[in-house]
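Take the model below and follow it from its paired strands outward. The paragraphs after it move from sheet to helix, then to rings and loops.

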Amino acid sequence: MIMKKFFTLIAVALCALTASAKETVPNFTPGTMTFSGWSWNTITTLGQGDVIDNGNGTADDSGVTYYDASEHDYIVFEYSAATCAKMKAIVQYNCKGTVGQWGAEFNEGSQEFVLNAGGGIMAIQLNIDFSDKVFSIALQDPGSAGTVDVKDVYFATEEEYLAAKAEADKIEKVMVLDAEGGTHTLAAGDWGWDSKWLGATDVSAFNTAVIEVESVTGHGKINFLAFEMDLPASETAYTVTADISSVASIEQYAYQNSFQSEGAEKPDGETVIKVKKVYLTSKTKQEVDEEIASGISDVIAAPKAQNNVRYNLNGQRVGNGAKIFIMNGKTYINK
C-alpha cells in the first residue's frame, strides 16, 4: 500500500513536469541591464552561424541554423525593478535576405511596454509563421534611459503566460516621472511653463498622480494638461495627490506660477517650488490618501493654506481688506 502511494506521487510529479512547457531561453544570464537612450541590449542570440552580407544589398543566411520555438506561444520577460519608463521587447526571426542601414534585416516581432518601477513582466506573442526560425531576443529603450533588473526570460505556453500575468498584476504599479526632484523657480509677471516632456505615455494602468513637495514659496501648481494639482505655500514638506483613473495618456507636465494678488491679471510674485519626487501609482487616490492620513506612508498630507496667507474663493492671494477670504483652510467674512 505504501509503495502504491509512493509511485502515485511520482506519477503526479512527472505529469506536472511534462505539462509545463516553460523554458528559460538558452544562454540567458540574469542581471541589471543599462540603457542610455535608444540603446539595444541583446538577451540571447539563438541562431547558430553567420548571416553573410553579399555587398549588393542582399544577405545570405544559408549557413544559419535557427532556433525552433514552435512549441511555445510567448516569450516572457520577468523583471524585478526598473528605472526606465518604457521598454521595447524584440524577437528577431529569419533573415529577409536584405541588408539595410543597420546590417542584415530580419523578420521581427516587437511590442512596447510601460515599465513598473517595482517589477512585472513583458511578453511577446510568437508569430506562428516564423516561430520555428528564431534568431535573437533583445530589449531596446525607446528614448527612456535607465536600468532594468531582468530576472528571467523564458518561452511559455498561453496558460503559463496568463499565470505569470496574474501574479504580476498583484504588484503595485508605479511609474516614476521624476525620481530626483529639484527646484523650479517661476518669475513674477508670468504664468511660466517649466516642463518635462514624456511623449504620448500610456497611463491607463495608473489611478493616482503623487507629488512629494519639499517646500513652496509663493503659490504654484503642476499642470498635466488633462488635470492640474495645486501647490500652496509651505516651509515644510507635504504631498499632493490627484485621481487620474480616467486619464489615458500624458505627454508632458509643467510647473506654473499661481502667486497672484486680487485683481492682478497675471501672477505678480515669484514662486519657488522644491520637489522631491513625482510618480504615478495603480493605487486609488483614496488608498494613497488613507495611507498618508494613517501614517502608513512616509509622505505628508498637503496643507490647505500656510502661514496665515489669505486667498479669495478663486485661489488668488488677497490683502487684509478682502471681504471674503480663505486662511489656513477656513473661510472668513469681514463685516
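**Strands, a helix and rings**

Strands β6 and β9 run antiparallel and are joined by 6 bridges. Pairing here requires at least two DSSP bridges between two strands. Helices (H or I, at least four residues) and strands (E, at least two) are DSSP runs, numbered from the N terminus. One bridge sets Ile 75 against Ile 124 in β9. β6 also pairs with β11, again in the antiparallel sense, over 8 bridges. There, Ala 82 stands opposite Val 148 of β11. Of the 9 residues of β6, 7 are buried, so the strand is largely enclosed by the rest of the structure. Buried means under 20% relative accessible area, exposed over 50%, and partly exposed in between, with a 1.4 Å probe and protein chains only.

This is a predicted model: local features need pLDDT of at least 70, side-chain atom pairs count only at pLDDT 80 or more, and totals for chains, interfaces and linings use all residues. Residues are numbered from 1 along each chain as its sequence is written, and side-chain values use heavy atoms, with hydrogens and water left out.

Now step back. The protein has 3 helices and 23 strands. Of its 335 residues, 43% count as buried. Take contacts (heavy atoms within 4.5 Å). Among those between residues at least 6 apart in sequence, 74% join residues at least 24 apart.

Next comes helix α2, residues 158-169. Its 12 residues reach 16 Å from first C-alpha to last, close to the 16 Å expected at 1.5 Å a residue. That expected span is 1.5 Å times one less than the number of residues. Which residues of α2 are buried? They are Glu 160, Tyr 161, Ala 164 and Ala 168. Seen down the axis of α2, its buried residues fall within an arc of 100 degrees, so they line one face of the helix. The arc is taken from the directions from the helix axis to the C-beta atoms. What covers these buried residues includes β6 (74-82), β9 (120-125) and β11 (146-156). Those names are familiar: β6 pairs with β9 and with β11.

Move on to strand β12, residues 174-178. Here 4 of the 5 residues are buried, so the strand is largely enclosed by the rest of the structure. β12 pairs with β20 (residues 271-281) in the antiparallel sense, over 4 bridges. Val 176 stands opposite Tyr 279 in β20. Tyr 279 has another partner: Lys 277 lies over the face of its ring, at 5.0 Å from the ring centre. A charge sits over a ring if NZ of Lys or CZ of Arg is within 6 Å of the ring centre and within 35 degrees of the ring normal. Lys 22 lies likewise over the face of Tyr 154, at 4.3 Å from the ring centre.

Rings also meet rings. A search of the whole structure finds 8 aromatic pairs. Rings of Phe, Tyr and Trp (its six-membered ring) pair if their centres lie within 6.5 Å. Ring pairs link Phe 224, Phe 227, Tyr 253 and Tyr 255 into a cluster.

Is Tyr 253 buried or exposed? At 1% relative accessibility, Tyr 253 counts as buried. It lies in strand β19, residues 249-257. Tyr 253 and Phe 224 are 29 residues apart in sequence, yet 4.3 Å apart in space, C-alpha to C-alpha. Not counting residues up to four places away in sequence, Tyr 253 touches residues including Leu 177, Asp 178, Ile 222, Phe 224 and Val 278.

Ser 215 is another buried residue, with a relative accessible area of 15%. Ser 215 lies in strand β15, residues 208-217. Beyond residues up to four places away in sequence, Ser 215 touches Ser 234, Glu 235, Thr 236, Val 272, Ile 273 and Lys 274.

Finish in the loops. Leu 225 lies between β16 (220-223) and β17 (228-231). Its phi is near 70 degrees, a positive value in a residue other than glycine. Leu 225 is exposed, with a relative accessible area of 52%. Asn 27 sits in the loop between β1 (23-24) and β2 (31-35). Asn 27 has a positive phi of about 70 degrees, although it is not a glycine. With a relative accessible area of 60%, Asn 27 is exposed.

Terms used: Phe/Tyr/Trp six-rings, centres within 6.5 Å; stacked < 30°, edge-to-face > 60°.
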